[in-house]
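Q: Could you take me through one chain-to-chain interface in this model in some detail? I would like to know what holds the two sides against each other, as far as the atoms show it.

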Amino acid sequence: MGKIIEINHLTWQYTDTEKPALVDVNLDIEDNMFIGVCGPNESGKTTLVSCIKGLIPHNFIGSYTGEVRLFGKNIRDLRAKELAEYVGFVFADPEAQFTSMSVEEELAFGMENIGLGSDEIRERIDWVAKITNLENLLDKSPYDLSGGQKQRVAIASVLAMQPKIVILDEPTSMLDPMGKDSVFNICARMKEELNMTIIMVEHTMDRLARLSDRLILVHNGKIERYAEPEHFFENVDELVEMGLNPPASIVFLDQLKRAGLYEGPMTTSVEETIEIAQSICARKESVQ
Amino acid sequence: MTNVIEVKDMHFAYRDGTEALKGIDLNINSGEFIALIGQNGAGKTTFAKTLNGLLKPSQGYVKCGGIDTNQKRVIKKLVREVGYVFQNPDHQLFNNEVGKEIAYAPKNIGLSDEEIEERVNEAAAVAGIKQDYLSMHPFFLPKGLRQRVSIASILALRPKVIIVDEPTTGQDYRQSVEIMEFLKKLNEERGHTIIIITHEMDIVAQFAKRVVVLCQGKLLLDGATKEVFAQPKILEAAYVKVPEATRMAQALTANGVSKDVLSADELWIQFQEAIGR
Amino acid sequence: MNMKMNANVWSLNEGELRTPQMNHVIMMALFIGVGVVVGTFGSLAVPLGFVSAFWPGQAIQSVGCIWFGMWGGIASIVFPLISNAIAGSASIAVSLAYAPGNFLQGILAGWAFRFFKCDPRLKSGKDWAVYTVFGGILCNAIGAAWGVMVLRMFGLISPSSTLTVFLGWSIGNTVPSFILGAILLKFVSPLIVKSKSFCKKYWA
Amino acid sequence: MESVQTKKMMKTLLALIPVESPLYSFHPVSRLLLFVITGFIPLFINMPELNFMFAVVVLLLFIYSKVALSSLKMYLPVILCAGIFTFLTFIFFPGKDPDYKVIGHVFGLALYDQPIMNAFIAYSKILALLLSSIFYFSTNRERDILAALRTLKMPFVASYVLGLSLRSAGMFLEDLHTVREAEQARGLDYAAMKFTDKVKLYSMYIIPLISLALRRSDEISNALFVKGYSLKSSGKRADYILTKYRFSASDVATCVVLILLLVLIVYFKYRYQWFGSDHSLFQYVIK
């Protein structure tokens with residue numbers, strides 16, 4: 001597994017702001033990983049992923065020092081088209097990113113930009129519509145769909161370009177719980193079946209923690225933590241102090257640990273936590 | 001407790017014939033804190049808009065503080081009963097200063113200048129908007145603050161019932177809790193009835209005392225938060241998942257944990273009792 | 001923050017590079033959308049067929065050119081084509097013939113504000129005067145003259161009514177467009193001059 | 001949100017049209033050409049009866065395409081007012097000509113034959129043109145217009161801008177609706193307002209609308225960048241959506257007939273002075 005994203009000493013400040021949004025950030029991300037990004041609002045999460053996508057510095061004004069490398073290439077030397085081949089990006093508000101009046105055109109738009117031919121586009125539309133379950137909606141206007149469907153269209157339009165990295169910036173913040181689940185499921189499949197690297201920014205940590213290989217904690221423009229979930233959640237208090245909401249199962253495990261009832265790893269799976277709790281109960285009963 | 005909203009066999013159909021609400025009966029008493037939940041498109045926002053007369057029922061009736069919303073020329077009376085805060089603050093901020101924005105509604109209902117000023121200051125204070133902000137352009141405020149300005153602009157009407165549509169979308173957990181604490185304060189200290197529409201079940205579990213679940217335009221469940229979350233099977237039909245702590249508690253009922261736990265802390269307390277510590 | 005810029009919104013800061021960006025193109029498209037709505041609404045509210053009177057769309061043209069320079073100029077040409085078609089107030093041929101008039105009718109104020117270095121936020125008496133003369137009276141006179149000429153050419157108005165139609169058209173348009181334009185400049189300019197889409201020069 | 005009834009209908013820019021409307025067997029370019037040609041023909045015709053016939057033909061096209069005619073109601077005021085306005089200008093400003101004959105009096109004003117004839121000519125043109133324009137926008141969706149223009153090799157940027165502006169007009173109307181609701185929720189009672197207040201209110205709507213546009217323009221330009229689109233990358237791009245349309249034999253025939261029709265009309269008009277008003281039936285009616 002090689003490093004596909006390297007960030008070296010990156011500092012970025014938007015014009016019209018008083019302090020930098022990112023301060024001396026260093027980060028390596030390897031191939032085929034699911035990376036969760038969390039942190040309070042205004043901490044620099046969106047800025048960080050915008051830098052990985054190249055939206056910064058290409059589409060924003062500000063001062064930029066340090067470098068971001070994608071597959072060894074400096075992001076400043078890459079143009080929109082090349083960047084789109086490497087990295088896909090899904091925004092929080094699906095409507096803000098639509099460019100066309102039918103789902104089918106929406107899916108085709110990105111592929112046209114990166115220079116694919118019509119036949120290839122047709123094949124990929126069939127393929128991506130199947131994966132994201134949009135086959136019956138191709139002819140509709142993306143604006144007429146439900147929230148979950150809209151976000152699936154947004155993801156599909158990125159997926160169709162088959163980038164190696166897909167970034168999602170709070171993709172589920174407007175969705176109901178089931179809509180959230182469907183987005184997370186698709187992302188998990190993208191990683192497993194298509195070997196993509198997924199970087200997802202999210203507020204709600206429970207689903208994210210469960211799927212991520214590694215979690216990044218951004219705070220005050222810095223990367224405070226970058227670790228596997230079991231290590232990431234070793235200090236729950238600090239997360240709470242920053243205003244985050246660790247999953248209830250993690251909080252429960254943390255309490256078990258403090259009470260000396262559990263010593264194993266911090267699992268993110270609710271089922272495992274339930275088993276742990278049940279086994280503790282069973283132990284108590286057998287003692288009595 | 002007095003009844004503030006009475007909904008009786010209420011149907012609502014949009015102009016193109018789509019029936020969004022299909023016979024809803026609901027009574028809301030003063031001082032309640034209610035969460036309105038359900039799938040996207042279940043009719044939550046439509047329902048909320050019928051409560052303050054923005055949409056008029058096509059069948060049945062809605063009475064707010066005894067006023068039937070179907071009557072003509074009742075807008076000015078209704079807004080004193082029920083205030084509705086829209087989802088996107090950008091749609092409801094149309095003045096060029098925060099202060100004028102908050103003064104807009106009291107002006108509309110014809111209050112005196114002194115009264116308006118008093119209400120603006122009060123609403124701003126309650127919503128945590130500093131005096132400096134009052135002369136700023138709402139456009140340049142961060143989203144969380146714009147959300148507060150839109151709440152304050154409704155607050156200035158001092159409505160008995162305040163409905164907030166998705167107050168926590170795009171806010172992080174701390175900001176969400178802050179907004180919710182603020183609504184809680186309005187509820188407990190000032191006696192406002194609060195109705196929130198949200199997808200965040202953790203927030204519902206933490207703050208709402210009563211939960212109303214809508215599913216395809218019908219009332220699926222209505223009851224105390226604990227009672228509602230104790231029925232995960234029915235909730236699934238409405239595409240609602242119970243909070244994680246509740247889910248764990250429900251898996252541990254055989255071990256003596258009760259199935260209506262709402263938070264991780266509560267779970268821990270019950271678990272300690274269950275294992276006899 | 002405003003204080004620094006107050007001297008003159010049009011002058012470039014040191015080392016400031018301004019090139020046309022995607023942003024300008026997008027803003028132009030959205031602005032055409034605004035124009036279509038305002039223009040259609042105006043044409044349907046006072047339906048006089050091909051003759052335009054009491055048409056607030058003109059404000060969108062002047063203000064667009066003040067804010068977005070030539071992008072506003074293009075919008076001034078494009079949105080009436082669409083709004084006229086939707087409101088049924090001009091056929092494609094007549095609409096196309098109106099185009100140069102529409103462009104002039106918009107860009108005049110854009111040029112005047114840049115030439116006389118007026119603040120789009122209408123801060124001084126001079127700003128108001130220039131807006132009144134160029135963005136209210138002259139532009140509508142030029143636009144109406146062009147429009148009436150087109151209608152004469154297509155034989156859609158009687159020869160001897162030309163002067164009356166011209167007066168009705170230009171005076172009738174000046175009133176609503178002046179009011180709407182002033183509101184836009186006064187209330188929305190503060191947002192626009194701080195945005196990326198604002199054009200100090202004609203294209204950026 | 002969708003009801004059973006609307007499922008078989010699709011939304012055009014102005015109206016609803018059945019999905020299986022026979023018009024949709026024609027290529028967007030043919031439909032656009034129909035719009036352009038019918039937008040010119042009446043200008044060359046000075047016989048009111050021909051233009052009125054033309055208007056009737058367009059109405060028949062509405063029926064053929066299965067557009068709900070109720071959507072035309074909105075245009076009744078325009079059709080009426082344009083008529084009144086046209087006749088009034090010709091009545092009040094007839095001009096002077098020794099050949100004019102007085103045919104009657106209205107409010108003490110003399111009615112002359114030729115100006116009234118001219119009014120009929122002008123109004124018949126206006127009516128015919130108006131209907132053909134409404135027809136096009138009632139039967140075509142945004143994507144049909146774009147497909148037509150792109151088939152005709154319009155640069156992508158231009159067609160994108162056009163598409164976005166049409167779409168943004170729709171978004172603004174939706175925003176406007178929400179803003180009005182928000183005002184109502186803050187105690188504004190339209191019914192109780194004076195006319196002047198209403199005018200002021202309508203003008204003020206523009207403020208949130210443009211604020212929203214400002215935010216959207218940033219979002220959209222980011223979205224375009226993300227999808228690999230930039231102004232400078234003007235390389236060749238496949239136009240996938242065009243592969244969905246086929247230019248059939250009937251399209252070729254339609255286009256040839258339409259162009260021929262216009263050419264013939266122009267030819268006969270200027271070579272043989274056809275379609276002049278001298279032989280119009282209306283001359284006899286007026287006399």
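A: Happily! Across the interface of chain D and chain C there are zero salt bridges, a salt bridge being a side-chain nitrogen of Lys or Arg within 4 Å of a carboxyl oxygen of Asp or Glu. Six residue pairs between chain D and chain C are in polar contact, both at pLDDT 80 or more; that means a pair of N or O atoms within 3.5 Å, where one must be able to donate a hydrogen and the other to accept it, and residues adjacent in sequence count only if both atoms are side-chain atoms.

On the chain D side, helix 2 (28-38), helix 5 (76-92), helix 6 (113-139), helix 8 (156-185), helix 9 (195-204) and helix 10 (206-226) each supply at least two of the residues that touch chain C. Helices here are DSSP runs (H or I, at least four residues), numbered from the N terminus. Helix 10 of chain D gives the largest share, 12 residues. By class, this side of chain D has 39 nonpolar, 10 polar and three charged residues, with Ala, Val, Leu, Ile, Met, Phe, Trp, Tyr, Cys and Pro counted as nonpolar, Asp, Glu, Lys and Arg as charged, and the others, Gly among them, as polar.

In total, 52 residues of chain D are in contact (heavy atoms within 4.5 Å) with 52 residues of chain C. The area buried between them is about 4500 Å², and carbon and sulfur atoms give 84% of that; buried area is the accessible area (1.4 Å probe) that two parts lose on being put together, summed over both.

This is a predicted model, in which local features need pLDDT of at least 70 and side-chain atom pairs count only at pLDDT 80 or more, while totals for chains, interfaces and linings use all residues. Residues are numbered from 1 along each chain as its sequence is written, chains are lettered from A and ligands numbered from 1 in the order in which they are written, and side-chain values use heavy atoms, with hydrogens and water left out.
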